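Q: I am new to this structure and would like a close look at one part of it. Could you walk me through a single contact and then show me how the rest of the chain fits around that contact?

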Amino acid sequence: ALEAENQVELEEKTRLINQVLELQHTLEDLSARVDAVKEENLKLKSENQVLGQYIENLMSASSVFQTTDTKSKRK
């Protein structure tokens, strides 16, 4: 009976250890994913800034987007 009890206890410990290891791997995977998403986010923010500046430059160079002074047009 004592041998069977020890066997059950050993199996339970083994199961718990495997569960802990699996959770550790899951956590590592999630951490790596978070880092990758952060990196991608920074890259996209940088690209958005460049595009925003480009659009601003295009708008300032185009007469269509220039602010018009209505008083000078009436003269």
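A: Let's start with E40 and K43, whose side chains meet in a salt bridge with an N to O distance of 3.7 Å. Keep in mind that this is a predicted model. Where do the two residues sit? Both E40 and K43 belong to helix 1, where they are three residues apart, about one turn of the helix. As a general point, side chains of opposite charge can pair when their charged atoms come close. The pair counts as a salt bridge because the cut-off is a side-chain nitrogen of Lys or Arg within 4 Å of a carboxyl oxygen of Asp or Glu, and the value here is 3.7 Å.

Are these two residues buried or exposed? E40 has a relative accessibility of 37%, so E40 counts as partly exposed. K43 is partly exposed as well, with a relative accessible area of 46%. The label "partly exposed" covers values between the 20% limit for buried and the 50% limit for exposed.

Now let's follow helix 1 to other pairs of this kind. How many salt bridges does a search of the whole structure find? The search finds three. One of them joins E12 and R15, with 2.8 Å from N to O. E12 and R15 are three residues apart in helix 1, so about one helical turn separates them. E12 is partly exposed at 36% relative accessible area, and R15 is partly exposed at 43%.

Another salt bridge links E9 with K13, and their closest N and O atoms are 3.8 Å apart. E9 and K13 are also in helix 1, but here the spacing is four residues, about one turn of the helix. E9 counts as partly exposed at 44% relative accessibility, while K13 is partly exposed with a relative accessible area of 48%.

Next, the wider setting. An unreviewed UniProt entry places the feature "coiled-coil region" at residues 13–47. In the model, that stretch is 100% helix and 0% strand, and its end C-alpha atoms lie 51 Å apart.

Stepping back to the whole protein chain, you will find two helices and zero strands. Helix 1 covers residues 2–61 and helix 2 covers 70–74, with F65 in the loop between them. F65 also helps make a nonpolar surface patch of about 630 Å², together with Y54, I55, L58, M59 and V64.

How much of the chain is buried? Buried residues make up 0% of its 75 residues. The chain exposes about 7400 Å², and carbon and sulfur atoms supply 57% of that area. So, to return to our starting point, E40 is partly exposed at 37% in a chain where buried residues make up 0%.

Methods:
Residues are numbered from 1 along each chain as its sequence is written. This is a predicted model: local features need pLDDT of at least 70, side-chain atom pairs count only at pLDDT 80 or more; totals for chains, interfaces and linings use all residues. Side-chain values use heavy atoms; hydrogens and water are left out. Buried means under 20% relative accessible area, exposed over 50%, partly exposed in between (1.4 Å probe, protein chains only). Accessible areas come from the Shrake-Rupley method with a 1.4 Å probe; for residues, only the protein chains shown count as cover. UniProt positions are given in the numbering used here, feature names are shortened, and annotations may be inferred rather than shown by experiment. Patches are made of residues with over 30% relative accessible area and no salt bridge: like charges are joined within 9 Å, nonpolar side chains (Val, Leu, Ile, Met, Phe, Trp, Tyr) within 5 Å.
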